[in-house]
Amino acid sequence: YSMLGMSSPDPSNAAVPAAEDAELLSLLRLHLVNGIGPRHSQLLLDHFGTAEGVLAASIAQLEEVSGVGPKISLSIAASKLGRDAEQELDEVHKLGVKLLRRGAANYPKAIERISDPPLLLYCHGDIVRQDELAVAIVGSRRCTVYGKQQAEKFATMLARAGVTIISGLARGIDAAAHQGALAGGGRTIAVMGTGLAEIYPPEHRELAAQVATHGALLTEFKLHQ
């Protein structure tokens, strides 16, 4: 909880229908398989219909899918033996993090339009319709004072105009962009290259909590990565 500055789980994750929860667990299990990316996961889902169908398939059936060789097939089969997905889902619920499924209504439309959108996104906070009007401000971690001032200034002005500011929560320009959006009373989203249970850099934990309150933290990576 302290990693994200939270005090209680998100109630939206509390009452998930059993069938839906089972498919979510299967999607998460597939998402956590080493060596399987968005392209392979989509090919498998197209072939078998559901993540549960993928996991129920034999190694021979998995290898019938284009691009899925013995290594990935064995990894998928091995994933069914452990409890990594159950443990991950349990911690997701405890931290109040949402799992956004590709194709679902709450999955960010801009990400869904890229060539290989992730199967699942971890989200702390909320993605709202207003966020479709957004501008990304990113830059050097070792920025000049002038660069930081300008990033914050532009982010503040855009946020006041109703534009959501997207950045990466990194040191330097990224942090200035988020801070500018918050100063402007607007929304901001951090698309992160790490898991939500281990905020990096660590000195941005408070900033991350503010971003989650006024937008969202978003990543495709598992909680502890």
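Where in the chain is the place of I127? In this predicted model, I127 sits in the loop that links strand 2 with strand 3 (134-136). With a relative accessibility of 25%, I127 counts as partly exposed. Setting aside neighbours within four places in sequence, I127 touches L100, N106, P108, R187, I189, A216 and L218. One of these partners, N106, is 21 residues away along the chain, and its C-alpha atom is separated from that of I127 by 7.0 Å.

Before going further, a word on confidence is helpful. The protein chain has a mean pLDDT of 89, and 91% of its residues reach 70 or more. The stretch to treat separately is residues 1-17, where the pLDDT is below 50; in the model this stretch has 30 contacts beyond near neighbours in sequence.

The sheet offers a convenient frame for the rest of the fold. Six strands make up an open sheet, ordered 1-2-6-5-4-3, with mixed pairing. Strand 1 and strand 3 are found at the edges with a single partner strand each, so each has one side without a neighbour in the sheet. From one strand to the next, the twist averages 25 degrees. Both kinds of pairing can be followed in detail. Strand 1 and strand 2 run antiparallel and are joined by four bridges, with K98 finding its bridge partner in C123 of strand 2. Strand 4 and strand 5, by contrast, run parallel and are joined by three bridges; here I166 has I189 of strand 5 as its bridge partner. I189 has already appeared above, among the contacts of I127.

Strand 1 deserves a second look. In a regular strand, side chains alternate between the two faces of the sheet. In strand 1 (residues 98-101), K98 and L100 lie on one side and L99 and R101 on the other, and all of them are buried, which leaves both faces covered.

Turning to the interior, nonpolar side chains in soluble globular proteins tend to be buried together. The largest nonpolar core of the model has 39 residues, and those with the most contacts inside it are L30, L44, I76, Y122, L169 and L217. At least two residues of this core come from each of helix 1 (18-31), helix 2 (38-48), helix 3 (51-56), helix 5 (70-79), helix 6 (84-95), strand 2 (120-125) and helix 10 (205-213). A second, separate core has nine residues, including A151, A159, I165 and A181.

Two residues of the larger core's surroundings can be examined individually. L30, leaving out neighbours within four places in sequence, is in contact with I36, S41, L44, L45, V54, I76 and L119. L169, in the loop between strand 4 and helix 9, has a relative accessibility of 0% and counts as buried. Although L169 is not a glycine, its phi is positive, at about 65 degrees. Helix 1 also holds S26, which is buried with a relative accessible area of 9%. Beyond its neighbours within four places in sequence, S26 is in contact with A51, E52 and L55.

Helix 9 (residues 173-183) has eight of its eleven residues buried, so the rest of the structure largely encloses it. Those buried residues are I173, D174, A175, A176, A177, H178, G180 and A181. Their cover includes helix 8 (145-160), strand 4 (164-167), strand 5 (188-191) and helix 10. Immediately after helix 9, G185 adopts a positive phi of about 70 degrees.

The packing of helix 9 against helix 8 can be described further. Two packed helices are described by the angle between their axes and the distance between the axes. For helix 8 and helix 9, the axes come within 7 Å and cross at roughly 35 degrees, and the crossing is right-handed. Helix 8 contributes G147, K148, A151, E152, A155, T156, A159 and R160 to the contact, while helix 9 contributes I173, A176, A177, Q179, G180, A181 and A183. A151, A159 and A181 also belong to the second core.

A final backbone feature lies in the loop between strand 5 and helix 10, where P201 is found. The peptide bond from Y200 to P201 is cis, and its omega is near -5 degrees.

How values were computed: Residues are numbered from 1 along each chain as its sequence is written. This is a predicted model: local features need pLDDT of at least 70, side-chain atom pairs count only at pLDDT 80 or more; totals for chains, interfaces and linings use all residues. Side-chain values use heavy atoms; hydrogens and water are left out. A nonpolar core is a set of buried Ala, Val, Leu, Ile, Met, Phe, Trp, Tyr and Cys residues joined through side-chain atoms within 4.5 Å. Buried means under 20% relative accessible area, exposed over 50%, partly exposed in between (1.4 Å probe, protein chains only). Contact means heavy atoms within 4.5 Å. Two strands pair if DSSP finds at least two bridges between them. pLDDT is the predictor's confidence in each residue, from 0 to 100. Axes are lines fitted to C-alpha atoms, for helices over the stretch in contact, and angles run from 0 to 180 degrees between N-to-C directions. A crossing is left-handed if the near helix is turned anticlockwise from the far one by less than a right angle, and right-handed if clockwise.
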